[in-house]
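Biologist: Can you walk me through this one? I'd like to start with the overall picture.

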Amino acid sequence: MEEAKEGFEPKIIGFTCNWCTYAGADLAGTSRKKYPPNVRIIRLMCSGRLDPMFVLKVLLNGADGVFIGGCHPGECHYIKGNFYARRRIAALRTILKQFGLDNRVRSEWISASEGDKFARVMKEMAEDIKKLGPNPMRDKIL
Amino acid sequence: MKGTELKQEDLEGLFKRLLEKKAVDCLVLPHKVGNNVAYMLVKDGDKIESPAASAIFAPSFGVNAANIVKGWTIPERVGIVAKPCEIRAAIELMKLKQMDKDSVLLISADCSGAFTNQDYADHAGEIGDWVDSGKINELKDKGIAIREACAICENRLADVGDIIIERVDGGKVLVAGITDMGVEALSSTELSLEDKDVERQAEKEKIAADAKKEKEELPKLSSVEELEEFLRDCIGCKNCRDMCPVCYCKECFFEQPLGKPVGGDLLNLAELRSAIGVPTNQLLYHLTRIYHVCTTCVGCGACEDACPKNIPLTRLYPMIAEKVQEIFEYEPGKDVEEPLPFITYEEEELEEHLR
C-alpha cells in the first residue's frame, strides 16, 4: 500500500469559472509557471453554475480531489454568482466533513491576474492529496 | 398574540365555525380511523367528529400534513391542523413557493412526541389520546417508544403558524392567533379574544435539553464506510423522497436518464467501472438528497417512517442537516419572511468553510 502511494499521481478535477480562475490558469501557462499536471479542468461560465452534485459525483466516481475556482467575492462577472456559490460550497463541505471527505475538496478565489496563485494552489493540492492517497471509491463497486 | 382559553371539547365547535364563517374553505385535520389517526380534508363541518381534540393531540405520526397541501396555489383557502414539525415544513414550502402563503392557514397544536402510526394502532389503549413526558417515559419502560425523530425534537411546543393550540392544565386549551391572518380567522368565529402572553420558556428549555441528551446517545455516521454499511439494505425505492415534505422537484434527477440509467447507459457505466452496483446511484442519491434538504429539513422523520427496509434515516437526514443549518444560523420553519439560506448572502462570510 505504501508503495502504491509513492508512485501515486492523483487525479484532480478542477471546476473553474470562465472569467477569473480559468483565465488565471491560462496566465499560469502563458507565463510558464510550473505546477503539477494532476488537474483536469472543466470550465464553467461561473462558479455559481457548479451544482454540488457534480462534486459528489466525481468523488464517488473515484476522483482523488476536487478543486473549485471562482472570482474573488465581489468581483464576479455576473455580479453575485460566486456569493451563491460560496453558500453552496460551504453547505456541501459541511456535509462532506461528516463523512471525512472534505479534505479532498478545496475551493479558492483566483482572479485572472493570479497565475502565480493558481500554480501555487495546484502544487499544494497535489501534495496534500498525495499524502491522503488514492480515493478508496475508485475500486469500489458502487 | 391574541387568544382565549377553551375547554378541549369546544375545539370541535371552533373548527366548525372556521368553516361556517368562511375563514377557511376547507380544513385538513386528523380524525380517528378505528384504532388509528389519519388526516381528512373537510368541506362540511358536520363531518368533524366528536371529540375533535382526541384526534388532534393523539400522538400518532402517519404522513406529514405539509405533504397534503404541497402545491396548494389556488385562491380557495385551506386550513391545516397539525403538529409543529408539519407546520414548519409547510412554512418551508411557502418559502420554496410550493404553496400560496395567503391561501393556507396554519394551525399548530402542541405535541409531546409521537409514535409511528403502526405502534400507535397496536397500543392505542395504553397510549391514549393525550400523553405528556411522564407518560412517554412510562410507556418507554414498557417497550413502547416514541419515534426517534420525536425523541430528538427540540420544538414540540406549538409556536409556529398562524394559530396555535396550546395545552393548558385542567384539560383546557389556549387558542391564539400569532399572525394577522390567524387573529382575523379567530375573530371571525366570534370568539372573544384578549391579549395573551404565555411564558413557556422554561418548558421549552427543558424539552430542548432532554432532546439534546437523546441526540447525543444516537449512533453517529462518521465515514463513507459507515454510511455504506448504514445504507446496505437500501433498495432505492425513493419512498424517503416521496414522503419528505420539503423534497419538491417536479421531476427528480434520479428519475431521469442520468440519475436512473437503463439499457445501454447502464452497460456503458458497467464497462467504465468494470462493475457497478445495481440499482445504481444508491450512495449518490442519498448524498444528493442530504444536500437538497440540508437547509430545509425540519426533522419530522417522515423519511424513516416511509423506509420499507426500516433504515433509521433520522440518524442521517436531520442529523447532517442540523450541521448545515448551524453554519447559516438558520432554523427551518421558524419565520415565513426569513429568506432561505441559498437565495441570500452576505458579502463577507463563510470563508472558513471553503478549504
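Modeller: This is a predicted model, and we can go from chain A to its contact with chain B and then to one residue.

Biologist: How many helices and strands does chain A have?

Modeller: Chain A has five helices and four strands. From the N terminus, their order is α-β-α-β-α-β-α-β-α.

Biologist: And how compact is chain A?

Modeller: As compact as a globular protein of its length, because its radius of gyration is 15 Å and the globule rule gives 14 Å for 142 residues. The C-alpha trace spans about 45 × 35 × 20 Å along its principal axes. Buried residues make up 51% of chain A.

Biologist: OK, new topic. How many residues does each chain bring to the contact?

Modeller: Chain A brings 28 residues and chain B brings 28 residues.

Biologist: Which elements of chain A supply at least two residues there?

Modeller: Helix H3 (52-60), helix H4 (81-98) and strand S4 (105-109) of chain A. H4(A) gives the most, with 13 residues.

Biologist: What classes of residue are on that side of chain A?

Modeller: It has 16 nonpolar, five polar and seven charged residues.

Biologist: Now Met94(B). Where is it found?

Modeller: Met94(B) is in helix H4 of chain B, residues 84-95.

Biologist: Is Met94(B) buried or exposed?

Modeller: Buried, because 21 other C-beta atoms lie within 10 Å, and the cut-off for buried is 20 or more.

Biologist: What is Met94(B) in contact with?

Modeller: Leaving aside neighbours within four places in sequence, Met94(B) is in contact with Met99(B), Lys101(B) and Val336(B). Val336(B) is 242 residues from Met94(B) along the chain, yet their C-alpha atoms are separated by 7.1 Å.

Technical notes:
Residues numbered from 1 in each chain as written. Chains lettered and ligands numbered in written order. Predicted model: local features only at pLDDT ≥ 70, side-chain atom pairs only at ≥ 80, totals over all residues. Contact = placed C-beta atoms within 7 Å. Nonpolar A, V, L, I, M, F, W, Y, C, P; charged D, E, K, R; others polar. Buried ≥ 20, exposed ≤ 12 C-beta atoms within 10 Å, placed from the backbone. Rg over C-alpha atoms; globule rule 2.2 N^0.38 Å.
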